[in-house]
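Colleague: Got a minute to walk me through this one? I'd like the helices, then a few odd residues.

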Amino acid sequence: MRYYIIAGERSGDLHGSNLVKAIRKHDPSAEFRGLGGDYLQEAGVKLFVHYAEFAVMGFVEVLLNIVKISGYLRKCGQDILEFKADVIILIDYAGFNRQMARFGKKHKVKVFYYISPKVWAWNQSRAHQLKANVDRMFVILPFEKDFYQKFNWQVDYVGNPVLDAVKAHVPDESFLEKRGLDRSQTIVALLPGSRKQEVMHILPVMREVIKRFPHLQFAVATVNNLDEGLYQPVTDCSNVKLVKEDTYNLLLHARAAIVTSGTATLETSLFKVPQIVVYKAASLTVWLVKLIIKVKYISLVNLIADKPVVKELIQDNANPATISAELESLLSDPTYRKKVLDDYDTIIKLLDTGSASENAAKLMVGYLRY
């Protein structure tokens, strides 16, 4: 069968690549094409376009790039038809992929959605649109199955692919030496995000935090799809190292972390690293989000636990003084650290239902065949 996969950002690209590998076990003659990044390409997907060419985030940023995005929507649709896909597999990336789901429905191409858009967080009525256009939904968070049940939609909970990726990670024993990190010094991981706007907004704040802790080693997780010049605000700090495309090994050695809200918050919890979740964006974007947000928390860690496991600092609260005070507590208060780590264990137990990629692949191939 012919599978067209659309993953518009780094985390979806990673999880999509693992899904492709799992699908091949059940459908050895499968052909793959799509929109994604390096991980999907390495897994054997022929890319129509790399997501780095048009990845944007935030309401304001999307509006400024609407013509560019519309062009890719049109071209992607044409590519799907030329490929003669049996199924379109959409991975997260809500704004773009909701449009592609509508396209698939219109052109009578089956649509599977792996990793649901976060419609439970805002504009919940969009669940009706998804139900109308998506043939099968595969969710990765325990509470999502109950959410869609309210719309009389039976979806498949397959487990969480982030946990799969963490379990599959093979540590690099020489990581510290390769990165020039001192084994005898405390390491704090800084995860500023994988999108340009995220990094631009939070890195200057991280720099000020770094300056307050000259006795600590800070390591910044950087990604291939962003220009190294974006990390310039911290490169002249003597106690900072840049760690390119090696976040998991960094988290294995970190005592604490400062993490931009997103999938990385869950990854950090699965590596059992106490963290501070931060988020800064354009003022208009944050104002609009506050108007429509329907959930109590922004981090996956707190959403899954349904309580404040980790501190979330948003916009003006994500300032050097507040972040530094929380970092000091995470590093030096053993009771506080233990509470965070105990809550992490509870989250891991909730998510551990076997391989999400394998579960989803088996179901997908089965639905297509029967």
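Modeller: Sure, starting with H8: six of its eight residues are buried, so H8 is largely enclosed by the rest of the structure. Buried here means under 20% relative accessible area, exposed is over 50%, and partly exposed is in between (1.4 Å probe, protein chains only). Helices (H or I, at least four residues) and strands (E, at least two) are DSSP runs, numbered from the N terminus.

Colleague: Is this a predicted model, and how are things counted?

Modeller: This is a predicted model, where local features need pLDDT of at least 70 and side-chain atom pairs count only at pLDDT 80 or more, while totals for chains, interfaces and linings use all residues. Residues are numbered from 1 along each chain as its sequence is written, and side-chain values use heavy atoms, with hydrogens and water left out.

Colleague: OK, back to H8. Which residues are buried there?

Modeller: Pro161, Val162, Leu163, Asp164, Ala165 and Val166.

Colleague: And what do they pack against?

Modeller: The buried residues of H8 pack against H1, E5, H12 (247-253), H13 (263-270), H17 (334-351) and H18. Contact means heavy atoms within 4.5 Å.

Colleague: What goes on at the start of H8?

Modeller: A side-chain oxygen of Asn160 comes to within 2.9 Å of the backbone nitrogen of Val162 there. That is a polar contact: a pair of N or O atoms within 3.5 Å, where within protein one must be able to donate a hydrogen and the other to accept it, and residues adjacent in sequence count only if both atoms are side-chain atoms.

Colleague: You mentioned H18. How far apart are its end C-alpha atoms?

Modeller: They are 20 Å apart, which agrees with the 20 Å that the 14 residues of H18 (356-369) should span at 1.5 Å a residue. The expected span is 1.5 Å times one less than the number of residues.

Colleague: Which H18 residues are buried?

Modeller: Ala356, Ser357, Ala360, Ala361, Met364, Val365 and Leu368. They cover an arc of only 145 degrees around the axis, which puts them on the same side of H18. The arc is that of the directions from the helix axis to the C-beta atoms.

Colleague: Why would that spacing put residues on one side?

Modeller: An α-helix has 3.6 residues a turn, so residues three or four places apart point the same way.

Colleague: What sits against that buried set?

Modeller: The buried residues of H18 pack against strands E1 (2-7), E4 (87-91), E5 (110-114) and E6 (136-139), plus helices H1 (10-26) and H8 (161-168).

Colleague: Zooming out, how many helices and strands does the chain have?

Modeller: The protein chain has 18 helices and 13 strands. Its C-alpha atoms fill a box of roughly 60 × 40 × 40 Å along the principal axes.

Colleague: And the radius of gyration?

Modeller: The chain has 20 Å, which agrees with the value near 21 Å for a compact globule of 370 residues. The radius is taken over C-alpha atoms, and the globule rule is 2.2 Å times the number of residues to the power 0.38.

Colleague: What share of the residues is buried?

Modeller: Buried residues make up 53% of the 370. Of the contacts with a separation of 6 or more, 65% are between residues 24 or more positions apart.

Colleague: Now single residues. Is Asp79 buried or exposed?

Modeller: Buried, with a relative accessible area of 8%. Asp79 lies in H4 (66-83) and touches Tyr4, Arg33 and Phe48, leaving out residues up to four places away in sequence.

Colleague: What about Thr268 in H13?

Modeller: At 0% relative accessibility, Thr268 counts as buried. Among the residues Thr268 touches, with the ones up to four places away in sequence not counted, are Leu191, Val273 and Tyr344.

Colleague: And Arg24 in H1?

Modeller: Arg24 is partly exposed at 30%. The C-alpha atoms of Arg24 and Lys362 are separated by 10.0 Å, with the two residues 338 apart along the chain.

Colleague: What is phi for Glu245?

Modeller: Near 50 degrees, a positive value in a residue other than glycine. Glu245 is in the loop between E10 (240-244) and H12. Asp306 has a positive phi too, near 60 degrees, and lies in the loop between H15 (300-305) and E13 (311-314).

Colleague: What's the usual sign?

Modeller: Most residues other than glycine have a negative phi.
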